[in-house]
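Visitor: I am new to this structure and would like a close look at a single part of it, the place where the two chains meet. Please take me through that part slowly, and then set it in its surroundings.

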Amino acid sequence: MSINHLVFQPLKNEVLDKKNYLIQSFLLHLCVIFMVYYGFPNIFKYKTEFLPPLPIEIINISNKTAAPKVNFQQNKEKDIKQKDYTTKEDNVKYHAEDKIVIDDPDAIALKKTDLKKIEKKKIIIKVDKIKKKPNQLQSVLKSIEQIKKDISDNKKSKKEIVEKDEKLTPKKLGMTLTISEIDAIRRHFEKCWNIPSGAREAGNLATEIKARFNKEGNVLNARILDINRMKRDVYFRTAAESALRAVLNPRCKNAPLPIDKYDKWKNITLNFDPKSVIGY
Amino acid sequence: MFYLKKILIIFIFFLFVSQTKAELKIDITSGYSKPTPIGISAFIGITSEEKEVSRQVHNLVKADLERSGLFRVIDPKAYIQKISSVNIHPRFSDWRIINAQALIVGQSKIESDGDIKIEFRLWDVFAEQQMAGWAFNTTRSNWRQISHRIADKIYERLTGEIGYFDTRIAYVAESGPQKKRIKRLAIMDQDGANHRFLTNGKNLVLTPRFSPLRQELTYLSYIGRIPRVYLLDIETGRQEIVGDFPGMTFAPRFSPLGDEVILTLADKGNSDIYTLNLKTNITKQLTTYSGIDTSPSYSPNSKEIAFNSDRGGSPQIYVMKSNGKKIKRISFGKGNYSTPVWSPRGDYIAFTKFHQNIFYVGVMTPQGKGERIIAKGFLVEGPTWTPNGRMIAYTKKDHPIGKKEGKTNIYLIDLTGFNEREIITPLEASDPAWSPLLQ
């Protein structure tokens, strides 16, 4: 009698399996939520290299930016003018036929004498044409007048554009001193200021000097603003005098001030504060 | 009409406000710290004797100001204008060219009674105005003191601090081999002149301290091999023991009013701080800790005392009220702190620190903030302040690697840690003490 070789399969614990499924499902969901929330990890991510820190100079920025609001109405007008100009130019091309061609708008800026020469030429040429074609006389005369008018109009419009451009150039937009200009002035006076180091209460010795400059950037006159404190506080007097000496120092002549913004810097209040230097 | 006026005033006001608003304001928060260049014109004298006095005064004033480290006297060869009188305005442009920020002119006269009259003026070259002008009368022999006073006046006007040139330094003069060292009390003018010894060296002396009011010193001496605190009258040489304490007394210092001596009494292994009233002879114990409390130093307003204690496990600096209450630790850096000395200005406490076999002298605020090391070396210790609280003198000894130990000397340094220079003494020197301004 042969006995079948029976292999008994281990009994499955259904309850345990169900539990496992639950745990697996929970973990899977958790993984999905985790990945959705934090994103998929990038296993090919390059190793981060820490670059050496860059030295940064911190500059105090003015409370308000320099540029005033641009008047878009003016821009629109300018566009319209430019459009008119091109149409007139086209007209010029059309009326002048093959003899007068003003392709280059810069030609408008030609000298008066040149223009006159051109006009004379045009007239001569056109008179010849008139002889050939008398029925075109009226239109030619009209075209000459039109050319004259167009040239004067072009001159006018050019002028207007230049004037409006001047109003809208960066010069006008940034009439307040820029941060770098202010910083240049700061550095200019810093090199002349011998700080009263070691003075008592150096944290409270900030001194304001009001200085008036000429257009060359030289100090016309300078004065300490807090005269009353000068009289009662000898430490302040010393600090204030050192600040005044910095402003009046001949080695600090010709401050780097932009001439076109003279109105903005002809009167400057310089606040000399030794606090940060002495570490209070 | 009235309303019209009102409107006009308001209009002008707003105009002014808008004007001031528009004005540019720039903060200057950096600069340099170098000695101020000044010109000292040769002092004027007519007769040969006056010329000699003028030369002596000029040289001393120049030396004092240069030694302070705050001024650089421009070489006289560079001067364009030769000043012929103190009573005329200098040509400021001539002095501006050589970058002299201040100018000193002076002259001396011999009076009919033989006394000398020295006048000087200090000019602000850039502002083109007089900053100070003084005249002093004195006997011919007193020219040194007058010169120091002129330097004091100039220093005071230019820095805002009181001068310290008309002062003296007491110190311990050292001589002989290390194992058999002779230590004597000595005194000299702050510029090294008029040097003399106050004790003969028979007994070891340490830690001299000046009285803030009188020409008097308190110090520690081992007379009879017992360390005790003594008082010494500098003029008469009279010496007496301070108080009648049972044990050893050391680390003495005067109170700011000069009526008390604060010191340490060591008895049976315990050191505590005591005060002794010099008028009433009444003693008062301020600390009661079982370990070491020592090196007391009063604040200039007498309200607080800084001292050294090991109550926290290592020597550190503490501050307490003058009645011994509200003790508060103020030193928290690495290392052991000792010898706190309160600045006469009251804004800093100088100290000695020992960390990893290196000594340091530094300063911190009475709240323990802003600790700043101003000197370090093989041995730097025992700081003392100049009367204006601007400079610190201390003992320094070098020991370069592979070489013999150097000499012990006194050095002077600015509070900011700049301009360290040696105070020249005839012998090796330690434990400096600065006198108040001479009267």
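Guide: What follows is a walk from the contact between the chains to the helix beside it, and then outward into each chain. Please keep in mind throughout that this is a predicted model.

Let us begin with the contact itself, which takes 36 residues from chain A and 27 residues from chain B. On the side of chain B that touches chain A, the element that gives the most is strand β1 of chain B, residues 24-28, with five residues. Sorted by class, the residues on that side of chain B comprise 10 charged, 10 polar and seven nonpolar.

Strand β1 of chain B is also where the two chains are joined strand to strand. Strands of a sheet pair through backbone hydrogen bonds, and the pairing may be either parallel or antiparallel. Here the partner from chain A is strand β3, residues 267-272, which runs parallel to β1 of chain B and is joined to it by five bridges. To find the place by eye, look for A:Phe272, which stands opposite B:Ile28 in β1 of chain B.

Beside this pairing lies a helix of chain A that deserves a careful look, namely α6, which covers residues 179-190. Its 12 residues, at 1.5 Å a residue, should span 16 Å, and because its end C-alpha atoms are indeed 16 Å apart, the expected and the modelled span agree. Within this helix, A:Ile182, A:Ile185 and A:Phe189 are buried. These three cover an arc of only 60 degrees around the axis, so they are on the same side of α6 of chain A. The face turned away from that buried side carries A:Ser180 and A:Arg187, both of which are exposed. As for what the buried residues of α6 pack against, their partners are α8 (234-248) and β3 of chain A, together with β1 of chain B. The strands β3 of chain A and β1 of chain B, which are joined by the five bridges, are thus both among the elements that the buried residues of this helix pack against.

Stepping back into chain A as a whole, we find 10 helices and three strands. Read from the N terminus, its elements run α-α-α-α-α-α-β-β-α-α-α-β-α. Of the 280 residues in chain A, 16% are buried. If one takes the contacts in chain A between residues at least 6 apart in sequence, 76% of them join residues at least 24 apart.

Chain B, on the other side of the contact, has four helices and 30 strands. Its C-alpha trace spans about 85 × 70 × 55 Å along its principal axes, and 42% of its 439 residues count as buried. Chain B is divided into domain 1, residues 36-159, and domain 2, residues 168-434. The C-alpha centres of these two domains of chain B lie 36 Å apart, and between them four residues of domain 1 are in contact with five residues of domain 2. The side of domain 1 that touches domain 2 has two charged residues, one polar and one nonpolar.

Two places in chain B are worth finding as you turn the model. The first stop is B:Phe136, which is found in strand β6 of chain B, residues 129-138. B:Phe136 counts as buried because it has 20 C-beta neighbours inside 10 Å. Leaving aside residues up to four places away in sequence, B:Phe136 touches B:Ile118, B:Ile146 and B:Arg149. B:Ile146 is 10 residues from B:Phe136 in sequence, and their C-alpha atoms are 7.2 Å apart in space.

The other stop is an open sheet of four strands in chain B, with antiparallel pairing and the order β18-β19-β20-β21. Its edges are formed by β18 (293-298) and β21 (328-329), and because each has a single partner strand, one side of each is left without a neighbour in the sheet. Strand β20 of chain B, residues 316-321, runs antiparallel to β21 of chain B, and two bridges join them. At one of these positions, B:Val319 has B:Lys328 in β21 of chain B as its bridge partner.

Methods. Residues numbered from 1 in each chain as written. Chains lettered and ligands numbered in written order. Predicted model: local features only at pLDDT ≥ 70, side-chain atom pairs only at ≥ 80, totals over all residues. Contact = placed C-beta atoms within 7 Å. Nonpolar A, V, L, I, M, F, W, Y, C, P; charged D, E, K, R; others polar. Pairing = 2+ DSSP bridges. Domains from an automatic or database assignment. Expected span 1.5 Å × (residues − 1). Buried ≥ 20, exposed ≤ 12 C-beta atoms within 10 Å, placed from the backbone. Arc of directions from axis to C-beta.
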